[in-house]
Amino acid sequence: MYLPRTLISHLYQHLVRTHHPLSPPVLVFVALEPDALCACRILTALFKRDYIAHKIQPISGYGDLEKAGQSMVHPMRLQDGGTGGVVVCLGVGGLVDVSNVLGLDADEDGVDPSGGVAVWLIDARRPWNLGNVFGGDPLEVLQEERGGTEVINGQLQTSYRPGKGGIIVYDDGDIEHELTNEREAYCELSKMPELDKYGSDSGDSGEESDVIESIEGGPGSRKRKSWSGRDEEDEESQDEEFQRRRRRRTDSSESPSLSPSRRTLDSRENNQGSSDVSPPGSPTVQPTQLQAERQPSIRQLRRRLRRKRRKFTKVLENYYALGASYSEPISSILYSLAEDLGREDNDLLWQAIVGVSSLELYGRSMTGVGISTALDSGGSAGWGGQRGEQIRQVLRDEVRRLNPPEPNDVSRENARGETSGVIPTTARSPTDNSIRLSPEPRFLLIRHWSLYDSMLHSPYLASRLHLWSDAGRKRLHKLLAKMGVSLSQCKQNYTHMDMNLKRDLRKSLLTYAPMYGLDGLVPPAAGAGRGKEGWGFVRSWGWKACLSAVDVGVLVGAILEVGKSGVTIGEPNKFWDRGKKEKIELADEDGRMEGEEWVRRFWEAYDALENIEALKHALPIAQHLHRAILRTGTSLIEKRQIRHLRAFRMAVVKEGPDVALFTHPAALTKLALWVGEAIAEQEREQRGKIGKSGRATPLVMASLNEARGVYVVVGTGGGGGVIDFAARAERKVKLEAKANARKAKQAEREKKRAEREARRDENGEDEESEEEEGDDDDDDDSDDSEDDDDVAGKGLGRNRFGNAFQEVVDETNARVKIDSFEHCVVEVKKEDLSGFLESLSMKTVVG
């Protein structure tokens with residue numbers, strides 16, 4: 001089931017009304033990523049204000065989720081002695097059947113398997129598992145759904161009464177507006193009966209009325225060209241059936257007013273004690289009346305049912321084959337919940353801003369994990385093109401509403417030049433905790449690094465200036481010289497630079513950056529009709545610190561990926577044990593101890609979001625990680641260790657001082673994005689364009705985890721992360737025109753079909769001829785090709801590594817572990833990597 005965006009607070013308000021001190025705590029399952037972490041902060045803040053007991057459980061993968069289901073969810077079920085309850089999944093389980101993973105799908109007949117446990121599923125990953133979206137109903141809801149009062153085709157209505165359990169997905173708007181065909185297909189398939197229960201094609205067994213209702217009761221059925229699902233029949237049986245029908249027609253020539261199929265039905269009804277045969281002397285039944293009363297045979301109904309099943313099954317298969325993508329960040333959805341409840345404030349707004357800003361750091365876009373090859377208006381590239389910019393614009397409006405400027409602050413900002421584009425580095429006062437808009441350049445940790453280092457370690461600058469080479473660093477020096485910034489000035493801490501240089505920095509970048517192809521380096525200057533588009537967000541903590549949202553995302557990510565203690569060179573497999581207060585070696589083959597270490601880092605990052613001192617202490621860790629990315633990426637490119645296979649490029653990290661850092665999938669993803677963006681710019685310069693259709697070649701990056709004897713493998717798409725909404729709108733108009741043409745063709749086909757049925761009634765024929773069926777199949781084949789074009793447009797450029805990984809696992813004996821919620825991340829045994837990559841090179845990895 002799914003909850004529409006307009007009813008986003010419906011379930012939470014019911015929880016507040018019904019929760020009491022003896023109620024079981026709400027379980028909150030959280031993925032180990034900054035966006036889910038910020039969403040968890042927002043949700044727990046709401047729980048605390050409403051005095052709702054809750055328990056947070058970090059989840060590192062599907063294995064952890066299954067264990068949590070056995071140990072924490074099962075005891076809540078009514079049949080296991082519990083009282084029901086609520087489980088909230090933040091960034092967890094959107095791509096799989098959650099009821100199956102949590103063990104809520106199997107129980108005794110007639111007993112609700114959910115046991116009164118309601119699972120609220122909030123996830124930004126796509127594609128959805130449609131069983132969660134349109135299914136997930138407990139037995140009680142299924143019974144009431146037939147009345148159409150509370151749940152209609154999986155959608156919760158305003159009259160829905162929570163407390164029954166089941167899987168409930170929070171819709172961000174995509175389900176209601178983009179999954180109309182999938183919803184129809186899923187609901188129709190769920191209502192279809194099994195073919196085997198209706199006997200053979202001869203039509204003498206089974207409940208004919210049920211078959212008729214299942215086929216003719218739904219929307220118009222159409223024939224399809226594919227016949228792969230037809231029951232196997234030999235030619236002899238078909239000839240015998242044809243001869244039998246022909247003899248029946250010959251024997252019944254004395255009663256031409258009754259067709260053979262009608263006579264069969266009449267004789268069956270006579271045996272049951274009721275007769276429809278007209279008595280002597282009664283008026284003769286007209287052929288038009290018989291045509292209206294005539295029922296198709298069971299053989300025809302089975303064929304129609306098979307065609308309908310194939311049609312809807314293909315719709316679902318096409319949806320799952322589109323590939324991975326990302327929708328609205330879950331931190332933004334949780335802030336919308338707080339806003340609908342009237343609980344929004346600066347703290348919750350800041351958590352939402354950090355969560356939205358963090359998605360760009362991991363390449364998460366509307367086409368999955370990959371680089372963004374489109375130049376935007378400047379500032380943050382964002383996670384979703386126009387839609388992402390709309391969400392950021394809403395957040396900017398919220399910043400203005402919750403942080404109104406005071407007259408003294410305006411005059412002070414004018415004196416410091418912040419209104420004209422100077423990056424703020426200090427608070428307005430010792431008690432200033434406000435959020436401000438800032439024209440953030442695409443540098444890295446500029447407030448806490450020198451200007452030179454911040455530009456050097458920026459992935460955006462590194463790829464476009466080729467900073468991995470000496471020639472690229474000379475370009476950087478020339479750019480700084482044209483801007484009038486000396487090396488001695490730019491290599492000291494940014495906060496200590498000359499104030500005049502900082503005041504003129506943005507103006508200089510706008511002037512000279514386009515000469516080096518850096519059009520999106522800073523937000524454009526505000527002008528007529530243009531506000532602060534592309535501007536970032538900055539928050540102050542008095543005199544303690546001033547951080548941007550991207551800076552906080554970088555710091556929280558570094559804590560999750562490296563930990564506060566970091567990794568010591570020379571001891572790559574040893575980590576600090578907080579209980580024993582000593583270094584311990586993680587040498588577990590199953591990754592259990594490594595998973596426990598990641599969970600401990602989650603709590604460090606969770607605390608750091610509310611502790612500015614903890615964030616400041618993580619600055620050296622973040623700088624260390626990004627230095628390692630620059631070193632490793634430079635080494636791979638200079639040593640020509642990036643190979644070009646059939647479907648993608650490939651690089652393997654298995655030696656060097658920083659190998660242990662990249663055993664974490666998120667850190668390896670950052671390295672892959674850095675290398676992928678550099679390769680894309682090389683392709684642009686060499687060929688004048690980026691790869692195929694404006695998308696760079698996909699990249700597979702593998703890193704050796706020597707302690708466990710596995711390679712961590714991540715596949716990043718070839719870009720296209722910013723969607724061309726103008727082209728999408730134009731395509732929508734074309735699709736509407738095609739839909740109108742299909743309706744006209746359908747009406748014409750229905751007219752021809754009615755004429756054929758009338759001719760068959762006159763001739764006493766029982767079934768459609770093969771020629772007529774072929775005409776219908778050709779028409780449906782043209783419809784299917786148009787539908788396939790629509791599907792191809794939706795999946796253009798999407799990351800399909802998750803589908804390809806699963807195909808390789810099914811076809812080979814490679815020992816592969818698919819446990820990450822990010823399906824483009826897998827673990828492969830050290831000995832099986834070469835065979836795994838060889839098979840993967842033959843797959844389609846980008847839509």
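How many bridges join strand β14 to β15, and do they run parallel or antiparallel? Select residues 536-540 for β14: 3 bridges join this strand to β15, and the two run antiparallel. Strands here are DSSP runs of E with at least two residues, helices are runs of H or I with at least four, and both are numbered from the N terminus. Two strands pair if DSSP finds at least two bridges between them.

The model is predicted, with local features needing pLDDT of at least 70 and side-chain atom pairs counting only at pLDDT 80 or more, while totals for chains, interfaces and linings use all residues. Residues are numbered from 1 along each chain as its sequence is written, and side-chain values use heavy atoms, with hydrogens and water left out.

**The sheet around β14**

Stay on β14 and find S540, which stands opposite C546 in β15. Now add the other strands: the open sheet has 3 strands in the order β13-β14-β15, with antiparallel pairing. The edges are β13 (435-438) and β15 (546-548); each has a single partner strand, so one side of each lacks a neighbour in the sheet. From one strand to the next the twist averages 30°.

Next, show α15, which packs on this sheet and touches β13, β14 and β15. Its direction makes about 135° with that of β14. Contact means heavy atoms within 4.5 Å. Then select residues 549-561, helix α23, which packs on the sheet against β14 and β15, its direction making about 85° with that of β15.

**From α15 to α2**

Select α15 (residues 346-358) together with α2 (residues 34-49): their axes come within 7 Å and cross at roughly 165°. Axes are lines fitted to C-alpha atoms, for helices over the stretch in contact, and angles run from 0 to 180 degrees between N-to-C directions. The two helices are therefore roughly antiparallel (angles over 145 degrees). On the α2 side, the contact includes P34, C38, I42 and L46; on the α15 side, L348, A352 and V354 are among the residues met.

**Strand β5**

Move to residues 117-122. All 6 of the 6 residues of β5 are buried, so the strand is largely enclosed by the rest of the structure; buried means under 20% relative accessible area, with a 1.4 Å probe and protein chains only. V117, V119 and L121 lie on one side, and A118, W120 and I122 on the other.

Add β4 (residues 85-90), which pairs with β5 in the parallel sense over 6 bridges. C89 stands opposite L121. Finish with β9 (residues 166-170), joined to β5 by 4 bridges and running parallel; there G166 is the bridge partner of A118.

Definitions and conventions
Parallel < 35°, antiparallel > 145°, perpendicular 65-115°, else oblique. Buried < 20%, exposed > 50% of the residue type's maximum accessible area, 1.4 Å probe, protein only.
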